[in-house]
Amino acid sequence: MTNILGDDRKQQILALGRLGWPLRRIEEATGVRRETASAYLKAAGITIRAPRRRRPPPKPASQVSTDLAKPASEVSTDPGPLPAGLADLSVWPPPTSRAPIASACEPYRELITLALSRGRNAMAIWQDLVDEHGFPARYASVRRFVISLRGQRSPEAHPVIVTAPGEEGQVDYGEGAMVRHPLTRKYRRTRLFVFTLGYSRKSVRLLTFTSSTRRWTELHEETFRRLGGAVRVVVLDNLREGVLTPDIYDPTLNPLYRDVLQHYGALALPCRVGAPDRKGKVESAVGHTQATPLKGLRFESLEEAQAYLDRWEARWADTRIHGTTKRQVAAMFAEERPALLPLPLEPFRYYQFGTRTVHLDGCVEIAGAYYAPPPGWLGREVAVQWDEQHVRLLDPATGRLLREHRPHARGRHAIHPDDRPTRTPPTTLTLLARAGRAGCHIGTLCEGIHRRDGEVGVRRILGVLALVKKHGVAVVEAACAAALELGVADYRFVRRYLERQTPAPLTLRQVDPLIRELTHYRDVIARKTQETSS
């Protein structure tokens with residue numbers, strides 16, 4: 001034998017074996033392993049009782065007394081007194097810690113069944129029972145009751161990305177709750193904005209009706225204010241509000257979103273297209289929010305829905321023990337908060353942006369006014385940014401600032417003094433020659449516009465030529481003659497003059513170089529007929 005026991009322990013095992021105790025019960029009573037006890041019992045010739053199976057209890061007549069001195073006719077169900085040292089052993093099998101009573105969720109069966117039909121999960125149901133009905137039991141009770149109603153679900157395996165405090169945040173959109181719209185008074189599905197910190201899993205959840213580049217960046221600013229700081233890297237999906245051209249190696253970011261993050265010291269890191277697992281923390285947070293606090297609920301206003309979500313965030317989401325870190329979210333956020341970047345003193349100044357093509361007059365049109373880039377950009381596209389204080393023209397390839405102007409009223413031009421040409425560009429000369437060929441008075445009027453306005457008047461010259469195409473040479477020639485006679489060499493006068501003139505009635509000509517003689521058609525028909533007959 002591998003283990004040598006003392007005589008007292010050996011006799012104790014043999015006595016329990018004669019009483020018919022199974023090896024598992026002997027091990028729990030004496031602390032001797034089942035293999036060792038089995039070896040001693042076999043050596044003593046004592047039959048080892050097999051493990052008890054679940055079967056109906058035997059009849060009393062089949063229970064024979066273990067006392068060998070009694071005759072066989074005396075049947076007893078009493079196993080007899082225990083040997084010395086075994087009187088304090090517990091009754092086998094030991095009683096369970098839970099009493100065999102109904103679940104604590106049984107009185108709430110209808111509420112739980114209704115919540116499951118609306119798609120809510122066990123955690124959301126338990127939180128509702130605690131908040132609204134004072135439910136005394138723990139979450140495990142509700143979870144077991146829900147599993148008994150709908151069955152067990154197998155979890156999916158996901159990799160875990162570990163980040164340093166304050167290093168990374170993940171952001172994404174999801175579907176929010178149904179909220180009554182203030183204008184249509186109908187329930188509309190909101191959009192759920194979720195920003196999750198990579199270290200502590202602390203999340204900021206915001207609801208909105210609309211989504212745009214401006215709204216997307218404003219939600220980021222609100223998130224940074226709620227967190228009390230900004231992260232260094234923001235991991236996002238390739239949605240249009242943040243990424244214009246997806247590319248894992250060199251993505252083209254939305255300029256407004258890029259500048260907002262740069263204002264807060266953050267850097268955008270888009271995921272690979274079709275690979276959302278890189279931001280699995282916020283994906284999990286979006287799914288948790290959709291399935292737990294918002295599933296199946298409706299709200300009368302966006303403020304009410306946001307207040308409910310904020311209460312749930314403070315009451316349940318921040319105080320929970322996270323399944324991956326096994327720590328409380330609020331405690332980990334308290335460690336991460338000092339590592340966040342400080343907020344800037346001034347808020348970001350928002351602007352509008354787009355692309356414009358430089359016209360023949362050397363300007364681009366923005367909100368009805370005209371602004372000139374440096375020479376050499378004629379016919380090319382430039383990136384533009386404008387707000388209430390500045391208008392910026394930038395190189396679309398490098399982002400280099402070309403010119404910055406003050407906003408002007410509609411119809412006004414803004415040209416830097418250094419950008420004015422010293423001689424007439426060839427394109428303008430070609431345009432004036434075209435106007436001269438259209439008509440004598442038309443050419444004279446266009447030359448007068450160019451002498452007075454310079455390159456700024458190119459658009460007006462193009463407007464006069466457009467009137468020629470629309471109304472005809474003769475009508476515009478007469479209008480230009482009237483303008484020169486009155487001393488008003490202006491495109492606007494010619495346009496209004498033509499608008500007030502009654503259009504000449506259309507007449508049909510009987511003789512015209514474009515109209516062929518009938519004999520021509522007669523000869524063609526005769527020739528075709530002869531070819532067909534032959």
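This note goes through the predicted model point by point, from confidence to cores, loops and salt bridges.

1. **Confidence.** The model is predicted. Mean pLDDT for the chain is 84, and 87% of the residues reach 70 or more. One stretch needs care: over residues 61-77, pLDDT stays under 50. The model has twelve contacts beyond four places in sequence for that stretch. Where pLDDT is low, the predicted coordinates should not be read in detail.

2. **Overall make-up.** The chain has 534 residues, and 37% of them are buried. Its secondary structure comprises 17 helices and 15 strands. Take the contacts with a separation of 6 or more: 62% of them join residues 24 or more positions apart. Accessible surface totals about 33,200 Å². Carbon and sulfur atoms account for 53% of that surface.

3. **Largest nonpolar core.** This core counts 31 residues. Those that touch the most other members are Val171, Phe193, Phe195, Trp216, Val234, Leu236 and Tyr257. Which elements supply at least two residues each? They are strands S1 (168-180), S2 (187-197), S3 (203-208) and S4 (233-236), together with helices H7 (213-227) and H8 (255-263). In soluble globular proteins, nonpolar side chains tend to be buried together.

4. **Leu236 in detail.** Leu236 is among the core residues with the most contacts to other members. Setting aside residues up to four places away in sequence, Leu236 touches Val171, Trp216 and Tyr257. Its other partners are Gly242, Val243, Ala268, Leu269, Pro270, Cys271 and Lys279.

5. **Second core.** A separate nonpolar core holds 29 residues. Cys105, Leu129, Ala285 and Leu309 are among them.

6. **Nonpolar surface patch.** Leu518, Tyr521 and Ile525 form a nonpolar patch on the surface. Together they have about 360 Å² of accessible area. Ile525 sits in helix H17, residues 518-533. Its relative accessibility is 56%, so Ile525 counts as exposed.

7. **Positive phi in two loops.** Most residues other than glycine have a negative phi. Arg185 has a positive phi, near 60°. Arg185 lies in the loop between S1 and S2, and is partly exposed at 46% relative accessible area. Arg201 also has a positive phi, about 65°, and is not a glycine. The place of Arg201 is the loop between S2 and S3. Is Arg201 buried or exposed? At 11% relative accessibility, Arg201 counts as buried.

8. **Lys202, a buried lysine.** Lys202 is in the loop between S2 and S3. With a relative accessible area of 13%, Lys202 is buried. What is Lys202 in contact with, leaving aside its neighbours within four places in sequence? The list is Phe195, Thr196, Leu197, Leu227, Glu313, Asp318, Val329 and Phe333.

9. **Salt bridges across the chain.** The structure holds 27 salt bridges. One of them joins the side chains of Arg180 and Glu300, at 2.7 Å from N to O. This pair links distant parts of the chain, 120 residues apart. Arg180 is in strand S1, and Glu300 is in the loop between strand S8 (298-299) and helix H10 (302-317). Glu300 is partly exposed, with 39% relative accessible area.

10. **Arg349 and Asp387.** These two form a salt bridge, with the closest N and O atoms 3.4 Å apart. The pair also links distant parts of the chain, 38 residues apart. Arg349 lies in the loop between helix H11 (329-336) and strand S9 (352-357). Asp387 lies in the loop between strand S12 (381-386) and strand S13 (391-394). How accessible are the partners? Arg349 counts as partly exposed at 41%, whereas Asp387 counts as buried at 10%.

11. **A bridge within one helix.** Arg495 and Glu499 form a salt bridge, their closest N and O atoms being 3.9 Å apart. The cut-off is 4 Å, so the pair qualifies. Both residues lie in helix H16, residues 491-500, four residues apart, or about one turn of the helix. Arg495 is partly exposed at 30% relative accessible area, and Glu499 is exposed at 58%.

12. **A salt-bridge network.** Asp172, Asp237, Lys279 and Glu283 are joined into one network by salt bridges that share partners. Lys279 also appears in point 4, as a contact of Leu236.

Notes: Residues are numbered from 1 along each chain as its sequence is written. This is a predicted model: local features need pLDDT of at least 70, side-chain atom pairs count only at pLDDT 80 or more; totals for chains, interfaces and linings use all residues. Side-chain values use heavy atoms; hydrogens and water are left out. A nonpolar core is a set of buried Ala, Val, Leu, Ile, Met, Phe, Trp, Tyr and Cys residues joined through side-chain atoms within 4.5 Å. Buried means under 20% relative accessible area, exposed over 50%, partly exposed in between (1.4 Å probe, protein chains only). Contact means heavy atoms within 4.5 Å. Patches are made of residues with over 30% relative accessible area and no salt bridge: like charges are joined within 9 Å, nonpolar side chains (Val, Leu, Ile, Met, Phe, Trp, Tyr) within 5 Å. Accessible areas come from the Shrake-Rupley method with a 1.4 Å probe; for residues, only the protein chains shown count as cover. pLDDT is the predictor's confidence in each residue, from 0 to 100.
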